[in-house]
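Visitor: Before we discuss terms, please put the sequence and the structure in front of us.

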Amino acid sequence: MQNDLTEEQNNLKQHGEKITLELDNCDIKENNYYEDITSKGLALIDIDAYTEKYIVQTVIVYNHTRNGVTEKFVSQTFSLDTVTLESHILSNDIVLYVDTFDRSKYFFDFNPIQ
């Protein structure tokens, strides 16, 4: 996944603070929903077919205490259910990188071991 990272993310990965997530400090939020999908019928029959697709999305709200101050970091959206995301956190597949000078610059690096 190294090639998929932006220049800023690569810089954070090389020079930022690396934080290994602890599940106890994670609050995982789900926002799952159904999306309507329309597909056109045959040209002879003008009927639209509707189906629903279930979309799974979760985010991690991570609370990290540094120098007696608790910082809150919110991840990007993951297309994983809560249980799967928790197992990736326990396996250290997700690492938080934070700029040491500007704490508003950070990203959650998801690199599952296959």
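Visitor: Why does Glu 17 count as partly exposed?

Guide: This is a predicted model, in which local features need pLDDT of at least 70 and side-chain atom pairs count only at pLDDT 80 or more, while totals for chains, interfaces and linings use all residues. Residues are numbered from 1 along each chain as its sequence is written, and side-chain values use heavy atoms, with hydrogens and water left out. Buried means under 20% relative accessible area, exposed over 50%, and partly exposed in between (1.4 Å probe, protein chains only); Glu 17 has 22% relative accessibility, so the residue counts as partly exposed.

Visitor: What makes the pair of Arg 103 and Glu 17 a salt bridge?

Guide: The term asks for a side-chain nitrogen of Lys or Arg within 4 Å of a carboxyl oxygen of Asp or Glu, and here the closest N and O atoms are 2.8 Å apart. Arg 66 also meets Glu 17 in a salt bridge, at 3.8 Å from N to O, and Glu 17, Arg 66, Glu 71 and Arg 103 are linked in a network of salt bridges.

Visitor: Why is Arg 103 called buried or exposed?

Guide: Its relative accessible area is 16%, and therefore Arg 103 is buried, whereas Arg 66, at 29% relative accessibility, counts as partly exposed.

Visitor: What does the salt bridge between Asp 109 and Lys 13 tie together?

Guide: The closest N and O atoms of Asp 109 and Lys 13 are 2.8 Å apart. Asp 109 lies in strand S8 and Lys 13 in helix H1 (helices being DSSP runs of H or I, at least four residues, and strands runs of E, at least two, numbered from the N terminus), so the pair ties together parts 96 residues apart in sequence.
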